[in-house]
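Visitor: I would like a close look at a single part of this protein. Please take it slowly and show me how that part connects to the rest.

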Amino acid sequence: MSQQNEELIDKNLIQLWKSMKKRPKIIVFDLDYTLWPYYVDCHATPPIKKTGQTTTFGAIKVIDSTGLQMNGFKDVNKILHTLRYHCLDESKNEYLAIASRSTTPDLAMETIKALDWTKYFSSFQIYPKPKTNHMKKIIEELKMTKYEDILFFDDELQNIKQTKTLKLTAIEVDPSIGVNINLLIQGLEAFEKKN
């Protein structure tokens, strides 16, 4: 395994996942101030592109046309890689999904592609509707039946409150730090305790 891939693996997360008696079937992430530290529809100016540089935490630096850095929060690449390739098993109907109320879905997808994140997700629900609509579409698209199988991360309290009516496990994210390994582990523990 290459050095780069080693840096993208969190062994504590894998260990916790393997020890869980009840795991989420779908882990859903919001985008703005959850996976990345900006509102893509307000701050990004296309085109979005990779540079030849790396960030302080080792990711390929991605910028918009004004030079604004468009990378995710520090732990996000490691979280997505570890979950997708070392925890989740699509043959057991375990997936990652995005639920975003962005008003610029094409720009959000352009950013996701530049960050090389499309390989991690099985459903992309990016449109300005209530998050309950996104969850219904994710369930339908992935041919699942129970909202209780979803673990959801979002920085907006209104989205947490709305989606909890579906009986899923929703975790509020601090928008100043986004999703990190510790919060993900707390979310997995809350999911297992609830279910």
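Guide: We start with one helix, then move on to salt bridges and a few loops. Keep in mind that this is a predicted model.

The helix is α2, residues 11-19. Which of its residues are buried? They are Leu13, Ile14, Leu16 and Trp17. Now look down the axis. These four cover an arc of only 165°, so they sit on the same side of α2. The face turned away from that buried side carries exposed residues: Lys11, Asn12, Gln15 and Lys18. So far, the helix has a buried side and a face turned away from it.

What does the buried side pack against? The buried residues of α2 pack against β1 (26-29), α4 (76-87) and α8 (181-194). Next, look at the N-terminal end of α2. Asp10 caps that end. A side-chain oxygen of Asp10 lies 3.3 Å from the backbone nitrogen of Asn12. Asn12 is also one of the exposed residues of the helix.

Now follow β1, one of the partners of α2. Asp30 lies in the loop between β1 and α3. It forms a salt bridge with Lys131, and the closest N and O atoms are 3.1 Å apart. Lys131 lies in helix α6, so this pair ties together parts that are 101 residues apart in sequence.

Lys131 has another partner. Its side chain also meets that of Asp154 in a salt bridge, at 2.5 Å from N to O. That pair links distant parts of the chain too: Asp154 is in strand β6, Lys131 is in helix α6, and they are 23 residues apart. Together, Asp30, Lys131 and Asp154 are linked in a network of salt bridges.

Are these three buried or exposed? Asp30 is buried, with a relative accessible area of 5%. Lys131 counts as buried at 1%. Asp154 is buried as well, at 0%. The cut-off for buried is under 20% relative accessible area, so each value qualifies.

The structure holds seven salt bridges. Another one brings us back to α4, a packing partner of α2. Residues 76-87 form α4, and Arg84 meets Glu90 in a salt bridge of 3.7 Å, N to O. Arg84 is partly exposed, with a relative accessible area of 22%. Glu90 counts as partly exposed, at 33%.

Last, the loops. One rule helps here. Most residues other than glycine have a negative phi, and most peptide bonds are trans.

Where does this model depart from that pattern? Begin with the peptide bond from Pro46 to Pro47, which is cis, with omega near 0°. Pro47 is found in the loop between α3 (40-43) and β2 (49-54).

Then take Asp116. Its phi is near 65°, a positive value in a residue other than glycine. Asp116 is found in the loop between α5 (105-114) and β5 (123-126). It is partly exposed, with a relative accessible area of 33%.

Lys143 also has a positive phi, near 55°. Its loop runs between α6 (131-141) and β6 (150-154). These are the elements that hold Lys131 and Asp154. Lys143 itself is exposed, with a relative accessible area of 72%, whereas Lys131 and Asp154 are buried.

Notes: Residues numbered from 1 in each chain as written. Predicted model: local features only at pLDDT ≥ 70, side-chain atom pairs only at ≥ 80, totals over all residues. Heavy atoms only, no water. Buried < 20%, exposed > 50% of the residue type's maximum accessible area, 1.4 Å probe, protein only. Helix = DSSP H or I, 4+ residues; strand = E, 2+ residues; numbered from the N terminus. Arc of directions from axis to C-beta. Contact = heavy atoms within 4.5 Å. Polar contact = N/O pair within 3.5 Å; in protein donor to acceptor, adjacent residues only side chain to side chain. Salt bridge = Lys/Arg side-chain N within 4 Å of Asp/Glu carboxyl O.
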